[in-house]
Amino acid sequence: MSNYRIETKCVQGGYTPGNGEPRQIPIIQSTTFKYNTSEDMGKLFDLEASGYFYSRLQNPTCDTVAAKICELEGGTAAMLLSSGQAASFYSIFNIASCGDHVVSSASIYGGTYNLFAVTMKRMGIEFTFVDPDCTDEELEAAFRPNTKAVFGETIANPALTVFDIERFANAAHAHGVPLIVDNTFATPVNCRPFEWGADIVTHSTTKYMDGHGSAVGGCIVDSGKFDWTKYPDKFPGLCTPDDSYHGVTYTERFGLGGAYITKATAQLMRDFGSVQSPQSAFLLNLGLESLHVRMARHCENAQRVAEFLEAHEKVAWVNYPGLSSNKYYDRAQKYLPNGSCGVVSFGVSGGREAAEKVMKLLKVTAIETHVADARSCCLHPASATHRQMNEQELIAAGVPGDLIRLSCGLEAADDLIDDLKQALDQI
Ligand SMILES: *Cc1c(COP(=O)(O)O)cnc(C)c1O
């Protein structure tokens, strides 16, 4: 598949049926797998043979869909997880443990911020949050000798900050650590972070990849490009023997292309068990088959809605990377030349109260804690996803109190605009 264009990979990637085999991917709804001898099974437990034995670690349906996402991102290995949160957690915990440190963009999804700043801090991993538009000196000052990774979001949810992937990749590499990029909002259709130097990509597949609000899920993809063996002291988990697998050294046995994902599966999935169900993976694959068609339409609708809002007298400000007035327009042209995403944020004149009123008056667009669905939806992050943040943290995360996050679905753009118009007319 690797020579085909991204549209073809969306439709057919990850699965090539043999003669007489099912055209659609089979759902292997089985927790366990049968073997003829204990010896056969022992080899699997020692990671000497590849195969399936228990769906808490790996399942063929999930692996088929992970292989498709791997092709879409241009990676060497990938795994599905139960959620985007699990993907974010595993992506860091696979290479950082108690006493380590991570540099993260401050402009990230609220759930990720909480995971990093509160929960992972309790595990002894410290995060330094930097403004994604900080100076080189500020970025440099964020690194410590125990820094193990840099993290950012291609297009931040909900701030819509466009992350300067190349710049952060260079900074990470200068310090001998990988750049991990959450590519949920852009999807590989609109941006492939590996092409700009990122080393690991994570996804909440719950969003555009699924695209129909039907299954929560996550994914991690490895580019295979980061050379862990150059820094064995920094990444002992990948470069020294794992006693829980009879002394296997992941980089030696699985190479740079496979070490990171194999370790995350063999250790973290084994111990935490954040698996995606084969049924969910099947639904995710249905979404992926039309991802390239849907993304174009989401972006087209969002562009039209953003332009309408920008021209409306009752709208105080509009944030959409596709508007030429946007702070990130030039950066979006570089990283996202075919469009960014379907999410637009804006503030209504009259602040927080007016925002809540407009949301209540919308008919086509529903109030939901969700984005990236075929159906349009909206949310007031300051009172929902980001409610754990104080005013200063909200501003640092690019989420002021009056912000409405509007996720443009696949409906007719004119209906979305008419709906907004009638609501705005009533305030
Ligand atoms: C939703 C989201 C997550 C978390 O994903 P879940 O599937 O809800 O766990 C992580 N990152 C981004 C950018 C998101 O939008």
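Helix α5 bends by about 30° in a kink centred on Phe-116, and that is a good place to start looking at this predicted model. The helix runs through residues 110-122, 13 residues in all. Despite the kink at Phe-116, the distance from the first C-alpha of α5 to its last is 17 Å, close to the 18 Å expected at 1.5 Å a residue. Just after α5, Gly-124 takes a positive phi of about 90°.

Now look at which side chains of α5 are hidden. The buried residues are Gly-110, Gly-111, Thr-112, Tyr-113, Leu-115, Phe-116 and Met-120. In an α-helix, residues three or four places apart point the same way, because there are 3.6 residues a turn. With that in mind, you can pick out Tyr-113, Phe-116 and Met-120 among the buried residues of α5. The cover over these buried residues includes two helices, α4 (84-93) and α15 (391-396), along with the strands β2 (101-105), β3 (126-130) and β4 (147-153).

Two of those buried residues, Tyr-113 and Phe-116, also belong to an aromatic cluster, together with Phe-127, Phe-129 and Phe-151. Close by in the numbering, Tyr-109 has a partner of another kind: the charged end of Lys-207 sits over its ring, 5.0 Å from the centre.

Aromatic contacts turn up elsewhere too, as the structure holds 20 aromatic pairs. In one of them, the rings of Phe-45 and Phe-53 have centres 4.4 Å apart; their planes meet at 40°, so this pair is tilted. Are its two members buried or exposed? Phe-45 is partly exposed, because its relative accessibility is 43%, while Phe-53 counts as buried at 14%. A second tilted pair is made by Phe-163 and Phe-168, with ring centres 4.5 Å apart and planes at 35°. Here Phe-163 is buried, with a relative accessible area of 1%, and Phe-168 is buried as well, at 0%.

Finally, turn to a sheet. Five strands make up an open sheet with mixed pairing, and you can follow them in the order β8-β9-β12-β11-β10. The edges are β8 (315-319) and β10 (366-367), each of which pairs on one side only. Strands of a sheet pair through backbone hydrogen bonds, and they can do so in a parallel or an antiparallel sense. Which sense joins β10 to β11? The two run parallel, with two bridges between β10 and β11 (residues 377-379). To find the spot in the model, look for Ala-366, which stands opposite Cys-377 in β11.

Key
Residues numbered from 1 in each chain as written. Predicted model: local features only at pLDDT ≥ 70, side-chain atom pairs only at ≥ 80, totals over all residues. Heavy atoms only, no water. Phe/Tyr/Trp six-rings, centres within 6.5 Å; stacked < 30°, edge-to-face > 60°. Buried < 20%, exposed > 50% of the residue type's maximum accessible area, 1.4 Å probe, protein only. Lys NZ or Arg CZ within 6 Å of the ring centre and 35° of its normal. Helix = DSSP H or I, 4+ residues; strand = E, 2+ residues; numbered from the N terminus. Expected span 1.5 Å × (residues − 1). Bend = angle between axes of the 7 residues up to and from the residue. Contact = heavy atoms within 4.5 Å. Pairing = 2+ DSSP bridges.
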